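Please open the structure in your viewer and keep the sequence panel beside it. The tour below goes from one selection to the next and says what is to be found at each stop.

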Amino acid sequence: MSRTSNSTATSTADRKKEGFLSQGPDWSFDLIQQYDEEIGAIAADFGLDTYPNQIEIISSEQMMDAYASVGMPLGYNHWSYGKQFLEVEQNYKRGRMGLAYEIVINSSPCIAYLMEENNMMMQALVIAHACYGHNSFFKGNYLFKTWTDATAIIDYLVFAKKYVQQCEEKYGIEEVELTLDSCHALMNFGVDRYKRPIPLSIQEEKARQDEREKALQQQVNDLWRTIPNFGKSGDAKHKERIFPEEPQENLLYFLEKNAPLLKPWQRELIRIVRKMAQYFYPQRQTQVMNEGWASFWHYTLMNELYNRGKVNEGFILEFLQSHTNVVYQPEFDSPYYSGVNPYALGFAIYTDIKRMCENPTDEDRHWFPDIAGADWLKTLDFAMRNFKDESFILQFLSPKVMRDFRFFGIENDVLDPFVEVKEIHNEDGFQRLRQRLAQQYNLSYREPNIQVQRVNIDGDRSVVLRHVMDNDRPLNKDTVEVMRHFRRLWGFDVRLESWNAEGQVQTYACGNEES
Amino acid sequence: MSYIIDRRLNGKHKSSINRQRFLRRYRQHIRKAVEDAVNERSITDLDRGEKITIPQKDIHEPNFGHGEGGRGSIVHPGNKEYMTGDRIPKPQGGGSGSGSGQGKAGNQGEGEDDFVFQISQDEFLDYVFEDLALPNMLRKELKEVKEYSLRHAGIVSEGTPSKLNIVRSMRNAYARRMVMSGGARKKLREAEEEKEKLLLESEGDVDQAQLAWLDEQIKLLKEKIERTPFLDTYDLRYNHHVKEPKPSSKAVMFCVMDVSGSMTQETKNIAKRFFILLYLFLNRNYEKIEVVFIRHHTSAKEVSEEEFFYSRETGGTIVSSALKLMNKIIDERYSPDSWNIYAAQASDGDNWDDDSDICRKLVADDIIQKLQFFTYIEITPRDHQSLWHAYDVLQSQFPDYFSMRHIVDVGDIYPVFRDLFQRRLHESNKQ
């Protein structure tokens, strides 16, 4: 690769003054290739390990399509994607929002979209950000390694789309839609948080699918056997069966395996939604890390491009302006404030790690004795690979960054007419402030803890879900509606109990309203 | 190594299926919005898309999540004057105890906006005309068409020279020549080989008799091949066309309205909306459509659209004058053989007492035979008068061709229109 990049550089050198890759804002396929080769070479020098890249040039309409299908190149059909599309389209038409200028897919090869409307600088920025930043994160971070199989995802999407389509042909769009609606409502509860998943692979998936359909039904039938087992039940002693033996956190998995009335194809649909949830699970847990990492690297790579004399001052100034917009953090009292900007926070933390490695202060030596003065590339690489947002913030958020953001933590008790400032960015507050911020990125803090507690298998087959409250926070208004979806899949009555430290505080019930 | 792919030429409507799914799911909402639009919009811009609003609660996808209450905790950036332990009063009213302080209140407000999107003009009209079918259109196509068109119907072996298909004919000729001269050419090849062999083997000492015989053979065979006709009548192929009855794609719509003193501008507006609906409806079903406006009080006159709706006249009412004029115009300009004729009449029900019976006879004996459909709407809050009763007879006499409805105010137009043109499963049923 380096050879080709050298030859293109020399061949264009006589045309372009001083060895710049390009002059002017327009892009071309040749230029994109040259930039990609240059940026790739720099990334390799910094030791970024990436999947191969597939850079696709698309129009803004196509970007809207991609946007509406959560960035996936293909997905099964469902009205909710249509809703998203209409929303994006409407906002875009009214000029309420610009389109995301990049979408990148965790697959191998790693697919990144460039919009044709962007100028050369933006294309280079997106290449640096997505094709080398996000890409290396997808390949390196332990969550992505554990939960997703980048080589298989596209095949799996093809499989899922086809399967859903076949179901629609066989059982009607309506039926499929009902099942998918219910699955989507429970999607966030379709992941094993504590168990390691089996990587999803398409060959396996296809080969085992038929087998699974049969076996699954068999297994379910065993659970719901009502005829006494003659061999052993001679003693006639009724032993109470407890099911599930332990509470189940993965609601979709539980339904797929145990719901008594589902047809095999419905179980397969649940599985598809579950697999999608699993695929997105790492992304939900690494927003700050992932965006921060990509921003840190687009910043570093683009500046290096300038240092090596490949781009001119105009280019780098324009880049810096875009970059500043990306990592801008409005303050809490600004009308533009909508929470902590993950790009800004992540970028600040990574940049600060580099600073601490290169120019440590006494404060850094006190707080981060391991990092201060260490090799920055190794430290950064370690930080990228082995954490998720919560632990990343706990480990690496420095007092300097907290001061720069002027973070402050508040608590809000519903019974108290005041909110209380618990800590600010000072010596006393750093430790707890960091914990508070980290907790904000903990999925089990953000989402309620709801598990399948008990099924009345010998009686009316009703199921009890248990919500263990966190800080006495109740469930939202959707609860009964989501339970209705759970009921549709389960087939029998559903009850949900909210428990706090003292005991049960609230019960939601969902009986047979629809038949 | 990176691959760079230009995807811009790929389809850009990847989401269109999902969009359709969405529209299907929210059909009820859209239908209601369209219905409101038809009633409320100004007439001239009925023919465009519509903004559809769906309440957020109907479109919301539910999820388990934390509600308001309990002890929330959050970290904000941008502290200016707060110190540890500061207690800040919560904003009163609206967002009482919003989970996590100031930042979130704004978000929640936004979240409750209604979901708004645009449907295109075509989609709009599809909803307007959903489940409606033009009465008797099919019947006209099957029974009474007098126009024909030629349609290509393959290749035949007989025909007129003007329809000769040269490519097919030449292909056949070539094949025939191959077959017919096949044996002779084989023999020719053999003879030529033999002659060559003879010349090679004998080296000067040539058997002249044998050679002469071979030359003779070759000459004969060549002549035989030559004689194979280049083009034979068997080869000729002709394009074939069949005559197909062509459904008439032209329609004319007669708008007949009473403009006597008793008709107020409001009544006329109601009538106008009805006519517009009918026009849009026909417009979707016929390639070409003409509209004839006939207004009448005691005498009838063909007028322009502007004059039809907005000029005022006074005086009594004789409906038959308009019907006579319509009949005359049909005879002069719109032959029922090539035109689909629709008539829509609007009135407040007033008529000269003796005239209603004349009207009935005129329609029953003459006009109705030429029409696809005759609709009559009576726009009045009062009781029906003689015209309604006369037409009522017509309706029971010609249930498939004649239909009438009573409209009181603007809101009635669309339901009545739908009702009139409801896709009729049993055409014979009286509506």
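Which residue in β1(B) is the bridge partner of A:N53? Select A:N53 and look across to the other chain: the partner is B:S2. Please keep in mind throughout that this is a predicted model.

**Stop 1: where the chains touch**

Widen the selection to the strands around that pair, and you will see that β1 of chain A, residues 53-58, and β1(B) pair in the parallel sense over five bridges. Now select the whole contact region between the chains, in which 56 residues of chain B are in contact with 84 residues of chain A. On the chain B side, the elements that each supply at least two residues are β1 (2-6), α1 (16-25), β3 (71-76), β4 (87-89), α4 (102-111) and β5 (115-119). If you colour this side of chain B by residue class, it shows 18 nonpolar, 24 polar and 14 charged residues.

**Stop 2: a sheet built from both chains**

Next, select β3 and β4 of chain B together with β4 and β5 of chain A, which form an open sheet of four strands in the order β3(B)-β4(A)-β5(A)-β4(B), with antiparallel pairing. The two strands of chain B, β3 and β4, stand at the edges and have a single partner strand each, so one side of each is left without a neighbour in the sheet. Neighbouring strands here are turned against each other by 25° on average, direction ignored. To follow one of the pairings in detail, select β5 of chain A (residues 418-424), which is joined to β4(B) by three bridges and runs antiparallel to it; in this region A:E420 stands opposite B:R87. Then add helix α19 of chain A (residues 430-440), which packs on the sheet and touches β4 (408-413) and β5 of chain A together with β3 of chain B. The direction of α19 makes about 105° with that of β3(B).

**Stop 3: inside chain A**

Show chain A alone, with its 21 helices and nine strands; of its 515 residues, 43% count as buried. Where does the largest nonpolar core have its most contacts? This core has 155 residues, and those with the most contacts inside it are A:I39 and A:A112. Helix α5 of chain A (residues 120-140) gives the most to this core, with 13 residues. Centre the view on A:A112 and, leaving aside neighbours within four places in sequence, look for its contacts, among them A:N53, which you met at the start, as well as A:V126, A:A130 and A:C131.

From there, move to helix α16 of chain A (residues 376-385), whose buried residues are A:T379, A:L380 and A:M384. These three cover an arc of only 135° around the axis, which puts them on the same side of α16(A). What covers them includes α5, α12 (287-307) and α14 (342-358) of chain A.

Before leaving this chain, select strands β8 (residues 494-500) and β9 (residues 503-510), which run antiparallel and are joined by seven bridges. A hairpin of two residues links β8(A) to β9(A), and the bridge partner of A:S498 in β9(A) is A:Q506.

**Stop 4: a sheet within chain B**

Switch to chain B, which has 15 helices and 13 strands, and in which 29% of the 431 residues count as buried. Select the six strands that form an open sheet with mixed pairing, in the order β10-β9-β8-β11-β12-β13. At the edges stand β10 (300-303) and β13 (402-407), each with a single partner strand, so one side of each is left without a neighbour in the sheet. Within this sheet, β8 (residues 250-258) and β9 (residues 288-296) of chain B run parallel and are joined by nine bridges, and B:C255 stands opposite B:F293 in β9(B). Add helix α12 of chain B (residues 319-333), which packs on the sheet and touches β8, β9, β10 and β11 (340-347), its direction making about 150° with that of β9(B). Helix α15 of chain B (residues 410-420) also packs on the sheet, touching β12 (373-379) and β13, and its direction makes about 160° with that of β13(B).

**Last stop: one glycine**

Finally, select B:G183, found in helix α8 of chain B (residues 182-202). Is B:G183 buried or exposed? With 11 C-beta neighbours inside 10 Å, B:G183 counts as exposed.

Conventions
Residues are numbered from 1 along each chain as its sequence is written. Chains are lettered from A and ligands numbered from 1 in the order in which they are written. This is a predicted model: local features need pLDDT of at least 70, side-chain atom pairs count only at pLDDT 80 or more; totals for chains, interfaces and linings use all residues. A nonpolar core is a set of buried Ala, Val, Leu, Ile, Met, Phe, Trp, Tyr and Cys residues joined through C-beta atoms within 7 Å. A residue is buried if 20 or more other C-beta atoms lie within 10 Å of its own, exposed if 12 or fewer, and partly exposed in between; C-beta atoms are placed from the backbone. Two residues are in contact if their C-beta atoms, placed from the backbone, lie within 7 Å. Ala, Val, Leu, Ile, Met, Phe, Trp, Tyr, Cys and Pro count as nonpolar, Asp, Glu, Lys and Arg as charged, and the others, Gly among them, as polar. Two strands pair if DSSP finds at least two bridges between them. Axes are lines fitted to C-alpha atoms, for helices over the stretch in contact, and angles run from 0 to 180 degrees between N-to-C directions. The arc is that of the directions from the helix axis to the C-beta atoms.
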